[in-house]
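I opened the notebook on this entry to see how its strands and helices are put together. I wanted the notes kept in the order in which I looked things up.

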Amino acid sequence: AYESKNVIDYLRKITNKPVISAGVDLGIPNSYTVTYDCKGVFVDIIEHLKNHHNCKKIAFMSANDTQSPEAIERYEDFLLAMKKNGLTFEESLLYEGGFTGFRAEAALKKVIKTKEDIKFDSIVCANDSMAVGVIKYLKSVGAECPKDFLVVGFDDAIVSRVNTAVVANKFAEYKFKNTVAIHIGGKAIKGKNFLSGTLSALLKTWIFISKILSAVAVKLKYNE
């Protein structure tokens with residue numbers, strides 16, 4: 001999905017038209033890219049886990065092996081958030097879930113055979129599908145969420161809405177990013193340009209059943 005050379009080559013031929021991408025910087029002239037700005041979001045997540053739930057051993061379920069720019073950014077921002085909150089991240093608590101629930105389950109299965117093998121008090125996942133996979137597998141070894149461990153998801157995906165066990169989902173909405181992209185597209189077609197920068201919005205967020213308001217931002221880049 002992130003090696004879309006054929007698509008990029010095609011789009012290069014029609015660069016007289018504005019191109020708007022939600023998620024991936026195509027790097028072609030006359031194009032806009034809208035991506036999430038996760039730094040402040042993860043600081044809020046870690047701060048909440050630390051200060052409200054006394055979590056110190058926080059794991060991370062990443063999707064770095066997909067080479068997705070957003071996956072790598074989410075992991076790097078997670079590490080930065082841990083540092084800003086005075087917490088040390090143990091590399092042994094890094095798992096690769098590839099953005100899917102079944103791969104998240106497989107990653108945990110390699111090292112966790114019983115409830116006693118769980119070495120973290122909470123786990124942050126780079127997306128909701130992996131969060132659901134984590135809950136499903138750890139339940140199979142006798143651990144219950146949120147009694148025995150806490151889980152944070154990301155994306156507000158449909159899978160998290162129908163899974164009531166995901167009690168700590170959020171901070172980002174596809175609708176927000178895509179709506180921004182559509183808005184920019186409509187303006188661009190009319191010949192109006194936007195400068196690169198950060199656009200912020202206030203989204204309703206759920207953290208462990210506590211409803212809060214959290215500032216979420218998307219980055220806008222324009223390739224001339």
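The entries below go from the sheet to the helices and then to a single residue.

**Sheet.** I began by reminding myself that this is a predicted model. I then traced the strand order and found an open sheet of four strands, E4-E3-E5-E6, with parallel pairing. Its edge strands are E4, residues 94–96, and E6, residues 150–152, each of which pairs on one side only. I looked up the turn between neighbouring strands of this sheet and noted an average of 20 degrees, with direction ignored. For the pairing of E5, residues 122–125, with E6, I found three bridges, the two strands running parallel.

**Helix H2.** I next asked which strands helix H2 lies across. H2, residues 39–53, lies across E3 (58–62), E5 and E6, and runs at about 165 degrees to E5. I checked its length as well: the 15 residues reach 21 Å from the first C-alpha to the last, close to the 21 Å expected at 1.5 Å a residue. Going through the side chains of H2, I listed Val-41, Phe-42, Ile-45, Ile-46, His-48 and Leu-49 as buried. These residues cover an arc of only 150 degrees around the axis, which puts them on the same side of H2. On the face turned away from that buried side I found the exposed residues Asn-51 and His-52. Just after H2, I noted that Asn-54 takes a positive phi of about 55 degrees.

**Helix H3.** I repeated the length check on H3, residues 69–84, where 16 residues at 1.5 Å a residue should span 22 Å, and the end C-alpha atoms, being 22 Å apart, agree with this. The buried residues that I wrote down for H3 are Glu-70, Ala-71, Glu-73, Arg-74, Tyr-75, Asp-77, Phe-78, Ala-81 and Met-82. Just after H3, Gly-86 takes a positive phi of about 70 degrees.

**Ser-122.** I ended with a residue that lies in strand E5, and asked whether Ser-122 is buried or exposed. Its relative accessible area is 0%, and because buried means under 20%, I entered Ser-122 as buried. Its bridge partner in E6 is Leu-150, and Leu-150 also appears among the residues that Ser-122 touches. Leaving out residues up to four places away in sequence, the others on that contact list are Leu-49, Cys-55, Lys-57, Ile-58 and Ala-59. Leu-49 I had already listed among the buried residues of H2. I also recorded a polar contact of 3.2 Å between the side chains of Ser-122 and Asp-121.

Definitions and conventions: Residues numbered from 1 in each chain as written. Predicted model: local features only at pLDDT ≥ 70, side-chain atom pairs only at ≥ 80, totals over all residues. Heavy atoms only, no water. Pairing = 2+ DSSP bridges. Axes fitted to C-alpha atoms, helices over the stretch in contact; angles between N-to-C directions. Contact = heavy atoms within 4.5 Å. Expected span 1.5 Å × (residues − 1). Buried < 20%, exposed > 50% of the residue type's maximum accessible area, 1.4 Å probe, protein only. Arc of directions from axis to C-beta. Polar contact = N/O pair within 3.5 Å; in protein donor to acceptor, adjacent residues only side chain to side chain.
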